[in-house]
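Thank you all for coming; I would like to walk you through one model this morning. Please have the sequence and the coordinates open while I talk.

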Amino acid sequence: MYSTPVILADKVLHGTEKLNGTEILSMTLIGLSVVFFALIILVVYLSCSGVFFKKGGNKPAAPKKTAPQPAAKSTAPAKAAVPAKPAASGEDEEVIAVIMAAIAAMGAADGKQYQLRSVKQVTRGGSGRNIWAQAGVLDATRPF
Amino acid sequence: MSGVLDFFTNTLGGLWSDSGMHALFAEGGWKNLIMILVSFVFMYLAIAKGFEPLLLLPISFGMLLTNLPMAGLYHPDLWVLVDGHVNYGEVLKEGGLLDILYLGVKLQIYPPLIFLGIGCMTDFSPLIANPKSFLLGAAAQGGIFFTFVVAGLLGFTAAEAGSIAIIGGADGPTAIYVSTRLLTGGGAITTGNIALAAYTYMALVPIIQPPIMKALTSKKERSVKMEQLRTVSKTERIIFPIAVTIIVSLLVPSAAPLVGMLMFGNLLKESGVAARLIDTAQNALMNIITIFLGISVGATTKADQIINIKFGGVMLLGVIAFSLGTACGLIFGKIMYKVTGGKVNPLIGSAGVSAVPMAARISQKVGAETDPTNFLLMHAMGPNVAGVIGSAVAAGVLLSVIG
């Protein structure tokens, strides 16, 4: 089917014959050595390319200033479920709109109105993940 | 009137002697009966217990079909080598449906195509972000080579020992690929035996691995929280499959069909420009090949090939291979734990046996049992996908050395 493979060791073992101790030991050593050698080369390649991409082409965007903001007071009563002036300048307005929509939906259920005063990034000491990443990880590992 | 009666009884007798029922109760028919019952057990495991149902169900049904006497779906005698070659003309002329489907196994078409689909579904980012994972993927292949030692000492031939050992790679298509190439037919061990053992133990990974993981690691080691992986750029993810194909194929050319297809599938995925091809490769094509592969491999489990002492040996050595692979990965993980000053959780080492993604999920599960806030899943995915590449390389070595 495929072109004859380049013979690594010139087919040193005959398939139909039983093995002696020397052949068994040689095969094991050859096998482990080749597997480790091939994968170590891949480690070296990836380490080099990783350094290159971290240095050059993969510069992270300037870190966003995430100064702590006042905690979200989403339960503060207000006349309308509309956002007050977004407290965190630079926050994604779409995200805030989604949060507002969720709060408005919650208010519609119990007949109350809420106002979103601020959005604050919470950094959890333990995992170092934001809440969305945390939710994603929990979702992926839930069966266990 | 008596002539009609004679004709009737003779015809009826002829029909009975040609029927499968007669063969089932004739000499040796009990073996077929046992195999049919065994196929029911595997169907039960696949349907009721969810053990690798996508492959175990077609395999078990192939086992049922091939052991129905006189059905003529598969003929093992057609696959015995004559002067070192299969007589494919005879297969096309005399073969049944499953003989024809088995051509794709014998010609090593199905396993690489399965790898194409797997490549489309695999995210190598955890491996690219943490290249040292490759070492754990390599260490876990110790299960293959140490099982080769045990099989050799037990008196199996080189081809049989290689085919049994590859079960330790915990990768079904690779096991089928290697055993098809090495086993020449006519022997006591077939590709079907190897596939059955491989898929049975892959389904039992959640039972086999945790006791070994707990026995070989301390609570302190299992509690290690690893640093979050860096983000991998799209360019890196695109270059990776091309580089791996070139490096592995140049080093171990026999691994090129498996690794090449795996990486081709991954390139399709990462390129982001071949949505239609990805859709076909990981859905329709994968499903078709899975059906063909499963049912035709199941067909090779003829009663004579299964009900013998050697198949018992295959099953025993299969579980030894899985256990040794897990242990080797863990031991290397412990070495990395020491070398890095406790930054690597040794539990991710057991994911170095392929069995994607189940082995990685077991690492996550055992880690979370020690500390519920510890999330090892993505860290374990690195060795897990490295194990796929590692077992393909190990397969290439076996094929290159054993003639």
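**Two chains and how they meet**

Let me begin with chain A, where 10% of the 144 residues count as buried, a residue being buried if 20 or more other C-beta atoms lie within 10 Å of its own, exposed if 12 or fewer, and partly exposed in between, with C-beta atoms placed from the backbone. This is a predicted model, in which local features need pLDDT of at least 70 and side-chain atom pairs count only at pLDDT 80 or more, while totals for chains, interfaces and linings use all residues. Residues are numbered from 1 along each chain as its sequence is written, and chains are lettered from A and ligands numbered from 1 in the order in which they are written.

Chain A has three helices and zero strands, so the order from the N terminus is α-α-α, where helices (H or I, at least four residues) and strands (E, at least two) are DSSP runs numbered from the N terminus. Among the contacts in chain A with a separation of 6 or more, 62% join residues 24 or more positions apart, a contact meaning that two C-beta atoms, placed from the backbone, lie within 7 Å.

Chain B has 22 helices and zero strands, and buried residues make up 56% of its 403 residues. In chain B, residues 24 or more positions apart account for 76% of the contacts with a separation of 6 or more. Along the principal axes, the C-alpha atoms of chain B fill a box of roughly 95 × 45 × 40 Å. Its radius of gyration is 23 Å, which agrees with the value near 22 Å for a compact globule of 403 residues; the radius is taken over C-alpha atoms, and the globule rule is 2.2 Å times the number of residues to the power 0.38.

How many residues does each chain bring to the contact? Chain B gives 56 residues and chain A gives 45 residues. On the side of chain B that touches chain A, the elements that give two or more residues are helix 9 (133-139), helix 10 (142-153), helix 11 (158-165), helix 16 (234-251), helix 21 (358-370) and helix 22 (377-401) of chain B. Helix 22 of chain B gives the most to that side, with nine residues. By class, the same side of chain B has 35 nonpolar, 17 polar and four charged residues, where Ala, Val, Leu, Ile, Met, Phe, Trp, Tyr, Cys and Pro count as nonpolar, Asp, Glu, Lys and Arg as charged, and the others, Gly among them, as polar.

One residue on the chain A side deserves a look, namely A:Thr28, which sits in helix 1 (residues 21-55) of chain A. Is A:Thr28 buried or exposed? A:Thr28 is partly exposed, with 19 other C-beta atoms within 10 Å. Leaving aside neighbours within four places in sequence, A:Thr28 is in contact with B:Phe145, B:Phe146, B:Phe148 and B:Val149.

Now to helix packing inside chain B. Helix 16 of chain B and helix 17 (residues 256-271) of chain B pack at an angle of about 170°, with their axes 8 Å apart; axes are lines fitted to C-alpha atoms, for helices over the stretch in contact, and angles run from 0 to 180 degrees between N-to-C directions. These two helices of chain B, 16 and 17, are therefore roughly antiparallel to each other, given that angles under 35 degrees count as roughly parallel, over 145 as roughly antiparallel, 65 to 115 as roughly perpendicular and the rest as oblique. By class, their contact has nine nonpolar, five polar and two charged residues.

Helix 6 (residues 97-106) of chain B and helix 18 (residues 275-299) of chain B pack at about 110°, their axes 8 Å apart, which makes helix 6 of chain B roughly perpendicular to helix 18 of chain B. The residues of this contact divide into nine nonpolar, two polar and no charged.

Finally, some backbone details in chain B. B:Ala170, although not a glycine, has a positive phi of about 55°; B:Ala170 is found in the loop between helix 11 and helix 12 (172-182) of chain B and is buried, with 33 other C-beta atoms within 10 Å. B:Ala355, also not a glycine, has a positive phi of about 35° and lies in the loop between helix 20 and helix 21 of chain B. The peptide bond from B:Val356 to B:Pro357 is cis, with omega near -5°.
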